[in-house]
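Hi everyone, thanks for making time. I'd like to walk you through one model today, so here it is on the screen.

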Amino acid sequence: MSTHASKRVLASRELGKALYRTMKADWEWAEPSGESPYADEIKPIIEWWRTVRTEEKDSIDRCLDLCEAADHAGLSWNDTVSLIDYIKQGPLFGDGDTPVLDLNHLWELTRESLNENGDDMPMPDDWKELAGKDER
């Protein structure tokens with residue numbers, strides 16, 4: 001008998017995996033090792049943020065989404081706990097009661113944020129459109 005995961009669970013799993021890639025890149029940011037994710041690899045975070053902004057989710061729903069994603073990512077217990085701590089206290093969402101995605105910080109963690117000469121590259125337009133009054 002095959003199991004079927006809902007689209008919501010699959011999206012949550014992909015969000016969790018993207019958050020984990022981002023957390024690892026953030027930890028290694030001080031010592032770049034070429035392990036930064038490509039923007040496409042963290043696209044689920046952008047898609048989630050677009051949904052949050054469109055549906056005007058409150059802080060409790062945002063936190064539940066992110067913790068559920070960490071749980072669905074298929075990580076070890078220690079990695080899941082580390083990811084939840086990162087979500088709650090890391091630089092990507094701030095340390096307030098309402099998670100607010102720092103798009104600039106997320107962009108800086110991607111491989112595309114720098115060109116081959118090490119110069120900063122501009123954030124993509126589809127990311128910029130998500131910037132709003134609540135972005136830091």
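Before the first number, a word on helix axes: each axis is a line fitted to C-alpha atoms over the stretch in contact, and angles run from 0 to 180 degrees between N-to-C directions. Please also keep in mind that this is a predicted model.

Let's start with the overall picture. The protein has six helices and zero strands, so to speak in pattern form, α-α-α-α-α-α along the sequence. Of its 136 residues, 36% are buried. And if you take the contacts with a separation of 6 or more, 66% of them are between residues 24 or more positions apart.

Now, helix packing. How do H1 and H2 meet? Helix H1 covers residues 7-27 and helix H2 covers residues 43-55; their axes come within 7 Å and cross at roughly 120°. That angle makes H1 oblique to H2, since roughly perpendicular ends at 115 degrees and roughly antiparallel begins over 145. The crossing of H1 and H2 is left-handed. On the H1 side you'll find Glu14, Leu15, Ala18, Leu19 and Thr22, and they meet Pro44, Ile45 and Trp48 of H2. Sorted by class, that contact has six nonpolar residues, one polar and one charged.

H1 has another partner to look at, helix H4, which spans residues 77-89. Here the axes come within 10 Å and cross at roughly 75°, which makes H1 roughly perpendicular to H4. From H1, the contact uses Gly16, Leu19, Tyr20, Thr22, Met23, Asp26 and Trp27, and from H4 it uses Asp79, Ser82, Leu83, Tyr86 and Ile87. The classes in the contact of H1 with H4 are seven nonpolar, three polar and two charged. If you are colouring along at home, Leu19 and Thr22 appear in the contact with H2 and in the contact with H4.

On to charges. Side chains of opposite charge can pair when their charged atoms come close. How many salt bridges does the model have? The count comes to four, and I'll show you some of them.

Arg8 and Glu68 are joined by a salt bridge, at 2.9 Å from N to O. Arg8 sits in helix H1 and Glu68 in helix H3, residues 59-72, so this pair ties together parts that are 60 residues apart in sequence. Arg8 counts as exposed, at 53% relative accessibility, a value over the 50% cut-off. Glu68 is partly exposed, with a relative accessible area of 25%.

Another salt bridge stays within one helix. Lys17 and Glu14 both lie in H1, three residues apart, about one turn of the helix, and their side chains meet at 3.8 Å, N to O. Lys17 is partly exposed at 31%, and Glu14 is partly exposed at 36%. You may remember Glu14 from the contact with H2.

Then there is Lys57 with Asp65, where the closest N and O atoms are 2.7 Å apart. Is Asp65 buried or exposed? Asp65 counts as buried, at 14% relative accessibility.

Let me finish with a few single residues. Thr80 is in helix H4, and Thr80 is buried, with a relative accessible area of 8%. Which residues does Thr80 contact, leaving aside its neighbours within four places in sequence? They are Ala70, Asp71 and Leu75.

Pro99 lies in the loop between H4 and helix H5, residues 103-108. Despite the loop address, Pro99 counts as buried, at 7% relative accessibility. Not counting residues up to four places away in sequence, Pro99 touches Trp49, Ser59, Arg62, Cys63, Leu66 and Phe93. Take Cys63 as one of these: Pro99 and Cys63 are 36 residues apart along the chain, and their C-alpha atoms are separated by 6.8 Å.

One more for the backbone fans. Most residues other than glycine have a negative phi. Glu56 is not a glycine, and yet it has a positive phi of about 50°. Glu56 is found in the loop between H2 and H3, and Glu56 is exposed, with a relative accessible area of 66%.

That's my tour. Thanks for listening, and I'm happy to rotate the model for anyone who wants another look.

Definitions and conventions:
Residues numbered from 1 in each chain as written. Predicted model: local features only at pLDDT ≥ 70, side-chain atom pairs only at ≥ 80, totals over all residues. Heavy atoms only, no water. Helix = DSSP H or I, 4+ residues; strand = E, 2+ residues; numbered from the N terminus. Parallel < 35°, antiparallel > 145°, perpendicular 65-115°, else oblique. Left-handed = near helix turned anticlockwise from the far one by under 90°. Contact = heavy atoms within 4.5 Å. Nonpolar A, V, L, I, M, F, W, Y, C, P; charged D, E, K, R; others polar. Buried < 20%, exposed > 50% of the residue type's maximum accessible area, 1.4 Å probe, protein only.
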